[in-house]
Amino acid sequence: MIQTDIIIIGAGPVGLFTVFEAGLLKLRCHLIDSLPQAGGQCSEIYPKKPIYDIPGFPSILAGDLIDNLMEQAAPFKPGFTLGEAAVSIEKTAEDKFIVTTNKGTQHEAPIVMIAGGLGVFEPRKPPIEGLENYEDKGVEYIIKDPEFYQGKRCVISGGGDSALDWSIFLAEKNIAKEVALVHRRSSFRGHLDSVQKVMDLADAGKIKLITEAEVVGIGGNGKVENVVINHLTQGDFTMETDHFIPLFGLKPSLGPIADWGLEIDKNAIVVDTLDYSTNIPGIYAIGDVNTYTNKLKLILCGFHEGTLAVQSAFARIHPDKKNVLKYTTVNGISGF
Ligand SMILES: Cc1cc2nc3c(=O)[nH]c(=O)nc-3n(C[C@H](O)[C@H](O)[C@H](O)COP(=O)(O)OP(=O)(O)OC[C@H]3O[C@@H](n4cnc5c(N)ncnc54)[C@H](O)[C@@H]3O)c2cc1C
């Protein structure tokens, strides 16, 4: 049994920063994440994209932000259970919680902070027969490192910002040898600027734009070698490629947390903005996973929520102690 002061479910940016804020109050944290690495959406979906609205950083790559948050949390020695999903929670007679993962690892603490973001990541997959046989053998649902596609032929499909942005990135920076963007409609859902840029790159011969078409088949010997595209008027044709990258977004799903007796509204956990507590005393929800009036799913808002939630957690754990806010400039950081 792993014992700690605060169990944080979700090691995304918000969970990581909460470790730091809890550490300032001498509270220890242990993070659980179903992904094999920390960083949440920043590491899993867009590690190489610059973020422009982190206070004090005019621009920072999402992956670098996570590296910095890990460094900032390090003095407080957080524990990690990675690659395991939190599936159940129970209350003990001592007013603590036991959180158990799908692999049976148990964690005990008086406080649970759910920083589960979008939930367990589930990419939307197109219904193509045998597609799963090519996963990680040329089929990727998320672009983690664009350099992986250096000199390769790529077929991207989708009509949103992700599909547009990555087609532009891989073509404009001359990373991929060939970029084809396949979309089933003639208009796109993404930003107008991005749509215009794709059109310009298509005119310049850097993107092969195939609209009113869908990828309907995939082939290759042990790895992707071609896809079959069905065009509304031209019918089926085969295109040679090294990668097929369907970018249809992620299915938001709270997963098992939805059955823990928490108040849920539209797949998010309802919290009191006083301290981001849920309807179950001792359980808090911070970051993208929570909802309240005027909620913004932004990293900086999650940082604020985690900061206030640990103050409330401190009062629950130490009802007899008064916590006085101390500036880090005055007290510095004294880790564990
Ligand atoms: C393409 C893109 C661009 C973005 N750009 C910006 C931007 O410019 N500025 C900005 O502020 N925000 C941006 N965002 C949003 C930002 O990434 C999120 O607001 C932020 O990641 C939320 O952090 P979080 O820690 O709450 O959740 P997440 O980053 O979603 O992390 C949650 C973690 O919880 C884990 N988890 C969930 N359920 C369980 C469970 N049951 N057991 C174990 N682990 C679990 C997940 O695996 C995940 O790792 C962007 C998002 C995307 C997709």
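Me: Which residues count as nonpolar, which as charged and which as polar?
Reply: Ala, Val, Leu, Ile, Met, Phe, Trp, Tyr, Cys and Pro count as nonpolar, and Asp, Glu, Lys and Arg as charged. The others count as polar, and among these is Gly.

Me: In this predicted model, how many residues of each class does the shell around the ligand have?
Reply: There are 37 residues around the ligand. By class, four of the shell residues are charged, 12 are polar and 21 are nonpolar.

Me: Which residues come nearest to the ligand?
Reply: Helices and strands that each supply at least two residues of the shell include α1 (13–24) and β3 (29–33). Of the 37 residues around the ligand, the nearest are Gly10, Gly12, Gly40, Gly117 and Gly287.

Me: How far apart do the C-alpha centres of domain 1 and domain 2 lie?
Reply: The assignment places residues 2–121 and 250–331 in domain 1, and 125–246 in domain 2. The C-alpha atoms of the protein chain fill a box of roughly 75 × 40 × 35 Å along the principal axes. Between the C-alpha centres of the two domains the distance is 35 Å.

Me: What classes of residue are on the side of domain 1 that touches domain 2?
Reply: Four residues of domain 1 are in contact with four residues of domain 2. The domain 1 side has no polar residues, two charged and two nonpolar.

Me: How many helices and strands does the protein chain have?
Reply: The protein chain has 336 residues, of which 37% are buried. Its secondary structure comes to seven helices and 21 strands.

Terms used:
Residues are numbered from 1 along each chain as its sequence is written. This is a predicted model: local features need pLDDT of at least 70, side-chain atom pairs count only at pLDDT 80 or more; totals for chains, interfaces and linings use all residues. Helices (H or I, at least four residues) and strands (E, at least two) are DSSP runs, numbered from the N terminus. A residue is buried if 20 or more other C-beta atoms lie within 10 Å of its own, exposed if 12 or fewer, and partly exposed in between; C-beta atoms are placed from the backbone. Domain bounds come from an automatic or database domain assignment. Two residues are in contact if their C-beta atoms, placed from the backbone, lie within 7 Å. A residue is near a molecule or strand if its C-beta atom, placed from the backbone, lies within 6 Å of it.
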